[in-house]
Amino acid sequence: MVSVPRLVIAAPSSGSGKTTVATGLMAAFSERGLAVSPHKVGPDYIDPGYHTLAVSAGGSGRPGRNLDAYMSGTALIGPLFAHGAAGCDLAIVEGVMGLYDGASGQGELASTAQVSKLLRAPVVLVVDASSQSRSVAALVHGFASWDPEVRIGGVILNKVASDRHELLLREALDESGVPVMGVLRRTEHVSTPSRHLGLVPVAERRADAVGSMRELAGRVRDGCDLEALLALARSAPPLDVTPWGPEAEPVGSRLAQLPQPSQLPQPSELPRPSELPRLSRPVVAVAAGSAFTFSYAEHTELLTAAGADVVPFDPLRDEQLPDGTRGLVIGGGFPEVYAPELSANEQLRKAVAELAHSGAPVAAECAGLLYLARSLDGKPMCGVLDADGRMSGRLTLGYREAVAVGDSALAEAGTRVRGHEFHRTVLEPGAGAAPAWGVVHPERRLEGFVRHGVHASYLHTHWAATPLMARRFVERCAG
C-alpha cells in the first residue's frame, strides 16, 4: 500500500488556467518546505519542465513526470505515480484538456477523470469565471455529478473581476455543495510566452521563468486556501500498487494489457531483464539543451538500469559528442526554431553522421528525426537520412498505434507500441526503404527510417510500456 497525499488539478476545458494553478500550487507548497512530486496527465513535454522548476524551491529535485494511460496502459498509471512520488509530502497532478476529455473515440481512456480514478485522488476543478456568475454553480454541479467515481473536492475560481463578482460566485456555489478553495483575480502580471506548439519550454527562458515562478507562487499563495487544499490531499486513501522500477519491470507485461487491434501480431514470450546477460557500461549520449527539451524521465532511468552511462550534450553548443559515445538518443524539441544554429555547428553534425554511418545505435524521435535529415528549412543538417524537412502550416497531433516493420536497434520486428505525434513540420519522404513503424491506427501508413543502427521516426513513445526497447538499445551499444 502506498500512502501519498495527492490532488488532481482539472478544468472544464483547455484554457481555464490548469497550468497556472497547478504550477503555482507546486511552487507555493515547495516554498513552505514540502517535498512536492509533480505530474502531468497526457503526453505533454512542456508543462513538466515548468513543474520541475516549480518544485525546485523545496529542494526535492524531482522531475516532472507524465501519466498517460493511452501510451503506457492503465495498469501502469498507479505504479508510475508511486515511483515518482515515493517519499514526497504531496503529489500534484495537472490534468489535460477538459476533465472528461480523453483519446478520440475511446471513451474516458487517457482522460484526467480516468487518471483521477486510477489514483483514487480528489479533484480540484479550476473554473474560468470571467463571463459568468450564478451559472458557475450549474457548471460545477454538472461536472461533479457526471461520474460518481470522480470525487471533485473543491473549486478554484480563476479570472475573477472584482470583490462583487467573487461574492456572486461564492453565493451560487454555496448551493452546489462543492467548496471554493481559491479565487484568482484577472491579471496580466504573470505570463508565459507561447508559439506554434504551445508554451516556450522553460529551458529556453530559465532566468525569466524563475522570476515568473516566484510571482505565480505568491499569487496562488495569496488567493488559495493552502491548508484546505492540503487537507483535501491528505484525505486520499492508500493506493494498492507496487511502485514501478526500471530494473525490476517485467519486459512486455504492460504492453500485453493494452487493447490490441486485430492487425497487430501476437507478442512473443519475452525474458525479464534479470534473465538477460549483464552488460558493460557503454556511454549513451542524450541530446539536451534548448533545441531538444522533449524527454520522459523514465527513459534515462531505463537506459541506466540496462547498463548505460547516460551523458547529456547540447547540439547547439558542444562541438563533439561525449567521450566514448557508443550510442545516441535524440528526442523531441524545436529544431525548426534553432535550425540556423544547429546547422552552423558543422563539427558536431559531422560527428553525428560519422557515428551513425559506423553502425552505432541511434534512436531519434521527431526533432531528432529532423536533425538527422539532409536539411531543415533549407539549412544543412546531419545528412544521415535521405530526406528533407520543412515547416508547414498544419499541426499534426494525436495518438497512434504502430508496429515495428522490421528489426532495428530499438525494436524487434512485430513490437507493438502506442505513441503520439506533435509537430508542424513535414519530412519528404516520410518513410525510407526500411520504415521504422507501420502505423495501424487511426490510419494505415509506413513511417520513419531504419538504416544501419539508426531508428528515426516522428512517433514519440513511452519506454516504460516497452522497456525491452531500452535493454535492446543498450545491448547493441555494448556489442
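This report walks through the overall make-up, the nonpolar cores and the aromatic contacts of a predicted model.

## The big picture

The protein chain runs to 479 residues, and 57% of them count as buried. DSSP-style bookkeeping gives 14 helices and 22 strands.

How much of the contact map comes from residues far apart in sequence? Taking contacts with a separation of 6 or more, 78% are between residues 24 or more positions apart. On the outside, the accessible surface comes to about 18,600 Å², and carbon and sulfur atoms own 49% of that.

## Nonpolar cores

In soluble globular proteins, nonpolar side chains tend to be buried together. Here the largest nonpolar core has 112 residues, and the members touching the most others are Leu-25, Phe-29 and Leu-229. Helix H1 (residues 18–31) is the top contributor to this core, with 7 residues.

Which residues does Phe-29 touch, once those up to four places away in sequence are set aside? The list is Leu-34, Val-36, Leu-90, Ile-92, Leu-226, Leu-229 and Leu-230. Apart from the largest core there is another one, made of 39 residues, including Ala-367, Ala-373, Met-381 and Ala-387.

## Aromatic pairs

The model has 7 aromatic pairs. One of them is Tyr-45 with Phe-294: the ring centres are 4.9 Å apart and the planes sit at 5 degrees, so this pair counts as stacked. Tyr-45 comes from the loop between strand S2 (36–41) and helix H2 (46–55), while Phe-294 comes from the loop between strand S10 (283–287) and helix H10 (297–305), so the pair ties together parts 249 residues apart in sequence.

Are these two rings buried or exposed? Tyr-45 is buried, at 8% relative accessible area, and Phe-294 is buried too, at 5%. Both also belong to one aromatic cluster along with Tyr-296 and Phe-334.

## A second stack, and a charge over a ring

Now for Tyr-100 and Phe-143. Their ring centres are 5.9 Å apart with planes at 25 degrees; the cut-off for stacking is under 30 degrees, so this pair is stacked as well. Tyr-100 lies in the loop between strand S4 (90–94) and helix H5 (112–119), and Phe-143 lies in helix H6 (residues 135–146), so the pair links parts that are 43 residues apart in sequence. Phe-143 counts as buried, with 18% relative accessibility, because the limit is under 20%.

There's a charged partner for a ring, too: Arg-418 lies over the face of Tyr-70, 4.4 Å from the ring centre.

Note on methods
Residues are numbered from 1 along each chain as its sequence is written. This is a predicted model: local features need pLDDT of at least 70, side-chain atom pairs count only at pLDDT 80 or more; totals for chains, interfaces and linings use all residues. Side-chain values use heavy atoms; hydrogens and water are left out. Helices (H or I, at least four residues) and strands (E, at least two) are DSSP runs, numbered from the N terminus. Buried means under 20% relative accessible area, exposed over 50%, partly exposed in between (1.4 Å probe, protein chains only). Contact means heavy atoms within 4.5 Å. Accessible areas come from the Shrake-Rupley method with a 1.4 Å probe; for residues, only the protein chains shown count as cover. Rings of Phe, Tyr and Trp (its six-membered ring) pair if their centres lie within 6.5 Å; planes under 30 degrees apart count as stacked, over 60 as edge-to-face and the rest as tilted. A charge sits over a ring if NZ of Lys or CZ of Arg is within 6 Å of the ring centre and within 35 degrees of the ring normal. A nonpolar core is a set of buried Ala, Val, Leu, Ile, Met, Phe, Trp, Tyr and Cys residues joined through side-chain atoms within 4.5 Å.
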